[in-house]
Amino acid sequence: MVQTKKILLYLVIVFVLYTIITSPERSADLVQVGFEGIASAAEGVGDFMTELVQ
């Protein structure tokens with residue numbers, strides 16, 4: 001089971017590196033979208049907590 005997890009992890013890493021190398025512009029766009037999503041989620045949680053305290 002541990003070997004399977006290691007193999008899958010290595011495959012994911014190789015896939016990510018391949019994607020970054022073959023299309024860096026698209027990869028940068030996807031990372032930006034991901035960070036914007038995380039920032040929006042964090043802002044939403046912050047707004048919720050602020051309203052909860054008030």
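## A tour of two helices

Start by selecting Ile13, which is found in helix α1, residues 2-22. The model on your screen is predicted. Colour Ile13 by accessibility: at 40% relative accessibility, this residue counts as partly exposed.

**Next stop: the patch around Ile13.** Add Leu9, Tyr10, Val12, Phe15, Val16, Leu17, Ile20 and Ile21 to the selection. Together with Ile13 they form a nonpolar patch on the surface. Show the surface here. The accessible area of the patch is about 920 Å² in total.

**Move to Thr19.** Stay in helix α1, where Thr19 has its place. Thr19 counts as partly exposed, because its relative accessibility is 24% and the partly exposed class runs between 20% and 50%. Show its side chain as sticks. Where does the side chain of Thr19 reach? It reaches the backbone oxygen of Phe15, at 2.8 Å. Phe15 is also one of the patch residues. Now look for partners beyond four places in sequence: Thr19 is in contact with Pro24 and Ser27.

**Cross to Ser27.** Select Ser27 and you are in helix α2, residues 24-53. Is Ser27 buried or exposed? Ser27 is buried, since its relative accessible area is 11% and the cut-off for buried is under 20%. Leave aside the neighbours within four places in sequence, and Ser27 is in contact with Thr19 and Ile20. Thr19 lies in helix α1, and Ile20 belongs to the nonpolar patch.

**Step to Glu25.** This residue lies in helix α2 as well. Glu25 counts as exposed, because its relative accessibility is 59% and exposed means over 50%. Now draw a distance from Glu25 to Val45, C-alpha to C-alpha. How far apart are Glu25 and Val45 in space? They are 30 Å apart, with a separation of 20 residues in sequence.

**Zoom out.** Switch to a cartoon of the whole chain. You should count 2 helices and 0 strands. The radius of gyration is 18 Å, well over the 10 Å that the globule rule gives for 54 residues, so the chain is more spread out than a compact globule. Turn the C-alpha trace along its principal axes: it spans about 50 × 35 × 5 Å.

**Finish with the full surface.** The accessible surface of the chain comes to about 5000 Å². Carbon and sulfur atoms account for 73% of that surface. Colour by burial last: buried residues make up 2% of the 54 residues. Ser27, visited above, is buried.

Definitions and conventions. Residues numbered from 1 in each chain as written. Predicted model: local features only at pLDDT ≥ 70, side-chain atom pairs only at ≥ 80, totals over all residues. Heavy atoms only, no water. Patch = residues over 30% accessible without salt bridge, like charges linked within 9 Å, V, L, I, M, F, W, Y side chains within 5 Å. Areas by Shrake-Rupley, 256 points an atom, 1.4 Å probe, with all protein chains shown as cover. Salt bridge = Lys/Arg side-chain N within 4 Å of Asp/Glu carboxyl O. Helix = DSSP H or I, 4+ residues; strand = E, 2+ residues; numbered from the N terminus. Buried < 20%, exposed > 50% of the residue type's maximum accessible area, 1.4 Å probe, protein only. Rg over C-alpha atoms; globule rule 2.2 N^0.38 Å. Contact = heavy atoms within 4.5 Å. Polar contact = N/O pair within 3.5 Å; in protein donor to acceptor, adjacent residues only side chain to side chain.
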